[in-house]
Amino acid sequence: MGRWREWLARARSKATTSRAWRSIFRHGYEDTRRNRLLQVSSSLFLHLHPTTMPASGLRFSYTWGLGGLSFLLFILLTLTGIFLMFYYVPDTRRAYDDMKDIEFVVPFGQFLRNLHRWAAHAMVITVWLHMLRVFLTSAYKPPREFNWVIGVLLLVLTLLLSFSGYLLPWDQIAFWAITVGTNMATATPFFGAEGPFSLVTYDNDLRFLILGSSTVGQSALIRFYVLHCLALPLAAAVLVGVHFWRIRKDKFSAAAIRRLGGGSKVATGMAEGQPEDTVPAKTAPKNAAPAVVEVWPHLVAREFLALLVALLALHVWSLLVNAPLEGLASATDTPNPAKAPWYFLGLQEILVYFDPWIAGVMIPGVIIAGLVLLPYVDPNPLGVGTYDLRHRRYVSSAFLFGFFLWIGLIIIGQFLRGPGWVWYWPWESWEVHKPVYEKTWNFPWPVGLAAIATYLGIGLYLPRRLRPKLVGQFSRTRYVVLMLCLLGMFALPIKMLLRLAFHVHYVLVTPWFRI
Amino acid sequence: MVDDTTARGDLDRDGKAPPAVGTAGNLWMPRRHWLVKVTWWTFLGSVTAMVGASLRMLSPRVTFEPPPVFKAGFPGEYAVGEVSERWKKKHGVWIVRTEAGFYSLSTKCTHLGCTPNWIETEEKFKCPCHGSGFYRSGVNFEGPAPRPLERFRIALAEDGQLLVDRSRSYRQERGEWNSPDALLRI
Amino acid sequence: MRPRLSFRAWTALSGTGLALVFVVLVVLEANPAWRQHQRAFFRLERLAAERAVTAAEQELQEREREVRDLSARVRAAERTLQGPQQTGAYEQVRQDVDRAERLVSDLQDTLQRQRAEYQRVERDFLLADREADRERIRVRLNELRGQLDALAKERDRAAVRRDEASRRMRAMTAELDAAREMLARLQAPLSLARADLAAARRRQAEVQQLLIEPLNRVDRCTSCHIGATRAGFEQAPEPLRSHVGRYLQEHPPERFGCTVCHGGQGRATRLPAAHGQVPHWREPLLSEDLIGGRCGVCHRGDAVPGEPYATAGRRVFAEAGCHGCHEVEGVFATRIGPALAGVGSKVRSEWLAWWLRDPRAYLPRTRMPNFLLGDQEIADLSAFLLSLTTEFLSAPREPVSQSRGAVARGEMLFKESRCITCHAVRGRGGTIGPDLWRVASKVRLPWLAAFLQAPAAVQPGTKMPRYRFSDRESADLVAYLWSELRDFDEDAWPPGPSVPGRPEEGRRLVRAYGCFGCHQMPAFEQAGRVGAELTGYADKDAERLDFGVRRDVSRTWRAWTEAKLREPRSFRDGLKMPDYGFSDHERFSLLTYLASLSEAKPPAGYLRDVPGPNPYEPEGRFGELVADLNCLACHSIRGRGGSLAPDLTREGSRVRPEWLRRFLDRPDTIRPYLEERMPRFRLSPEEIDVIARYIENVLVDPRVPKRVLTNGEATPALIERGRDLYYKTYACDACHQIGRTGGAVGPDLTLAAERLTEGWIYAWLRNSRQLDPSAREPVYEMVDADARAITAFLLSLKEKELYSAR
């Protein structure tokens, strides 16, 4: 035994002092500050991190590790996706059969597919929550505005990745989700065949461009396959790189700004002349030396723990719950109800209340535009690096209202809509379909016009009247744009109420569009 | 760039106690702690399992090739002395009838797996890839082929048809051609 | 900073959890259900193989003596070969053979080398540019060809020598070879059993799969049901049991797979997915009783051999007239009810009201379903139907007489015409036409008289042949029917509707209920069918079936279909399907048939008995007569017509012209056991001539020879041989009668010679199936000589028995 150990020790020392070893690992493992910094800076993978970071950023309940988890899921999706690609052929005649084969005869196939599907869903959630976190801690404020924009683009890419992957199994749920989803593109103004001011026909509109055909078929499948497996992941990888690079350049998370605050005002991006004491007193002890720690091992260790926990949760879930696969896609039998993937159910619910070009094109467009513009229209520099919302009541309540409205719409779409997209309470059976006859009616156009004008007028006038100081910060244009966005958002639940309670179809009917 | 210079600056000050680090210590250095060992071993085990499962996944359980056993028609459909190319395309087999009986030859050259051609006038199988030549019997006589073509099991099915089983092959150099399954005497 | 231990515990815990997940995953992956089933099966297989080995060993032990004797023979023969007097000779021969063999092989090599040389030169010749070169090479080529021929000859000679040498060698070893072979044959069962056992021990569990490309199916059912395709495991537990019956012999698994008949999810390897009993799988495993429904997907003919329900289902569907309201692709059928043009002149209004209320009350076996009509609807429909009156083409000139004489004459005529053959009276009699009981209370007498004279003209589409009654005769018949076959309890009929009828409403009801689906009706000829199309009905999701208010019906295709057939209108108000009062057997047969209406279109090679189009149309005067007499109601010609009487497609080759003419004049009984008989049509000699000529010249089969026996061939000896073959070798008298002795399954052959042509008898004896695929005659594969002898024998009956009997 002793000799064996001795031999092992000798072999190890021989190996670690060999030229080959040293050519790979350029520094030792002793716990010195030098090595800690080198761990990060000499490793391609770890050096996406800064070498040091503010100690307060380590707190798990500050970041919740959501950005890192999203990245982990992205990597996991890439790997599982590669393995699935070995067995999947994007051919409408066999794609579904390939899915069945993956499920039933490919070793570990079912598990791998579960992992892929659930990781995709989890990634949508973590990206949303990450965004919410960044908003709540004001981490989008200068100098990080642009990284927020990148983040919004990554959000869009995440949803597109999920959506494009949705078609590939070629089952009923895939076929109809994509049919309904792409039909929205038909309603695009100018470029959709059915949109307002249409310039095109069904044979050359936006939907045709997306599908490569006027129906969901072979050409759509191969397009979505290429988008899903190549184009979108590539774009996402590039943007993720930029995103991380920015984080590193901005010294990790926004918490850093305040802690390093004493140093350079330019680096923190705070406006000149901004008094230090506007930072909430509770989390900013004055004159405290900024606590800086090495990323290795402090952050890396925590990231490792987060990785383990996330992997464990995902693997257990994938072991217990199989990814859904419905019947073979059939262009003649629409399932009832035909629901979009859950993250788009909010949109599908909105489609009940508005014409497709508003619900399917304008609203998502305005939401994305609004998110992109958020750091640029929010002039309030307060709240950076903290969950304290007291100093930014208006912005946060508007954002949270929108966020929870979206979640609420999804809950309605997922749990309260049954066959025929009829409202079913959770305790109501779908077994016998509800016979519904809902005769809707429209406002006469003068009334509708007056109602909308009144709504907008009051909406634009009241804040000026009630909070002149706050409004005074904005230029007139900025104010009008911001208020129109907000009023539009508040108009959504109002229209829902009008429809659900009073069966109002349109508030305003014009020859060109209906609202 | 700012980061790099900071880091280098830290390196330059190597040996001196860096500010505000001491309390953290190193979470990973006490490698002998049993919990850390558990972590590493289970993690490495999981990664190994992941890699193993992924590799296993690449080896399919089923293939969509034609079944290895097929019926090749009735013996009367073949003339004595004929090298039949009837099943070459579908099943990769020549069926040869001689005075002695039937045998089925693999159409896979024993050199590197190309498909030779039967040249009637020269009474030989000639591989286009590297010029290997085989007699009617399947025995190699020219070119780089290291051994004769393989023969497959051939028998009579219950309904009197020839039955060829490509899953069982017989090699001349191992003396397996003497097996009754390699030559069907009729 | 958090306490470090807690951090370590977290990582260790989640690491362990992750590792455990992988352990579970690998264990699950390594032990799928199909692997466990296969292991169990291999165990059974091993046991069976071991039993076989033991049995073979025992067998061999019992024959130990023989083995010993044979071994001794082998040894003795070996000794002889190696013995002093033989050794030299045998060695000599063996060397001869070897030498000859080598020589042949060497010559072959040389030949091939020379041949290659020849081909090289030939190539030079082909590539040579200059005429001089070509000439030189041509000379060389000729020279080489000569050498080649010589070499080939030499090789052939060597081969002959080799063959001779080996013959000599074989002669010397003949005794040894024979003994060895006998020994090997004795030991073969054991070595085979041992090989089987070795194979059984070697077997590895793996996914089994049947790839059926033409059907685009991949069936992995045999991964668990691994014994299904193997005989000898009839007693094994499921899922290892052998497939029952002879289904797999007729439907080889490698051509059909499993799911095409059984349903289920072929690609799946786990339960319940494999049995398709999961959401979103359209083809769940069919229960054992319903599986017959799948037969109809390929078997498109009238009958599915061996599957009574599938056969009956198609028949019930056609007979109940389902296609009148429900379209099914590939089912072309005529309307099953009588045409209703002129119905107002045909039936009495009291009867009509009663009939509409409850058809089975008047005629228990009617095909008319009960539409469950209300009073108002009955009144409206009656009013509309009674408005459909017409003038008869040939109204009887004589008024209906009620005299006793007329009735007696009518009764005579009723019997002579054998009306009972087709019509029943109170349930006794034929089933082709309607029951005649109470008929005189149903229809108006003038209509009846007109109908009897010209059935098809008065009631288009009727099966009733035209009997050519005179005016007087039809009046007599009407008198008889009135006196005997009317309802004497007419007062007991339920009262008619109490509300006045509105013809326009009635017309609307006809459209709504789709009466024209079964009845041809004026102004509704082009109306579409009112029921749902049933093509692809078998594939319908339960989700797409409207269960309405029925909560007691489970949400499956089968339960819905059964409920629909049982109580068609119970799902919700406003449904129109009438109540057919199907029996349990009929309902189940229909269910089976409906289960066969799959959208799936099997490739042509899988389809059986596809009904083809019927382009045949009898021509000319013959065609007129056929239409007038309604021959095709019972007979069929070239696939067109009824199946009640013999197919006439080959009648011209079958029967002798003399007999045919006589038969047309006075139809006699041919087969005593059949109830339906050909009616007398009172044909004129000219008409008989037209029909007979057409049959003799057009309805012939080229495969039936005109004459078989040459002049003088029918010698008494041949006839005697034929008699012998008839009674002894083939025992024909088991089924056929000659002169009142013999069975009654086949037709009486006493008159065969008079009736059948000699070519037909001969051809029938040679291969009856060729002439009539549904013939019940056993297939004897009779050789030419036997067939000739029996033909001669049967023909000889003409001269003796037949004419002496007359």
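**Exercise 1. Work out how chain A's contacts spread along the sequence, and what the chain looks like overall.**

Start with the contacts in chain A between residues at least 6 apart in sequence: 71% of them join residues at least 24 apart. Keep in mind that we're working with a predicted model here. Next, the secondary structure: chain A has 20 helices and two strands. For burial, 36% of the chain's 515 residues count as buried. Finally, the C-alpha atoms of chain A fill a box of roughly 90 × 65 × 45 Å along the principal axes.

**Exercise 2. Describe the side of chain A that touches chain C.**

Step one, the head count: 20 residues come from chain A and 20 residues from chain C. Step two, the elements: on chain A's side, helix 6 (95–104) and helix 14 (295–320) each supply at least two residues. Helix 14 of chain A gives the most, with nine residues. Step three, the chemistry: this side of chain A has 13 nonpolar, three polar and four charged residues.

**Exercise 3. Find out how the buried residues of helix 27 of chain C are arranged, and what covers them.**

First, the geometry: helix 27 of chain C (residues 685–697) has 13 residues and reaches 18 Å from first C-alpha to last, close to the 18 Å expected at 1.5 Å a residue. Now list its buried residues: C:Ile691, C:Ala692, C:Tyr694 and C:Ile695. Looking down the axis of helix 27 of chain C, these fall within an arc of 160°, so they line one face of the helix. On the other side, C:Pro685, C:Glu686 and C:Asn697 are exposed. As for the cover over the buried residues, it includes helix 24 (620–629), helix 25 (651–654) and helix 26 (657–665) of chain C.

How values were computed
Residues numbered from 1 in each chain as written. Chains lettered and ligands numbered in written order. Predicted model: local features only at pLDDT ≥ 70, side-chain atom pairs only at ≥ 80, totals over all residues. Contact = placed C-beta atoms within 7 Å. Helix = DSSP H or I, 4+ residues; strand = E, 2+ residues; numbered from the N terminus. Nonpolar A, V, L, I, M, F, W, Y, C, P; charged D, E, K, R; others polar. Expected span 1.5 Å × (residues − 1). Buried ≥ 20, exposed ≤ 12 C-beta atoms within 10 Å, placed from the backbone. Arc of directions from axis to C-beta.
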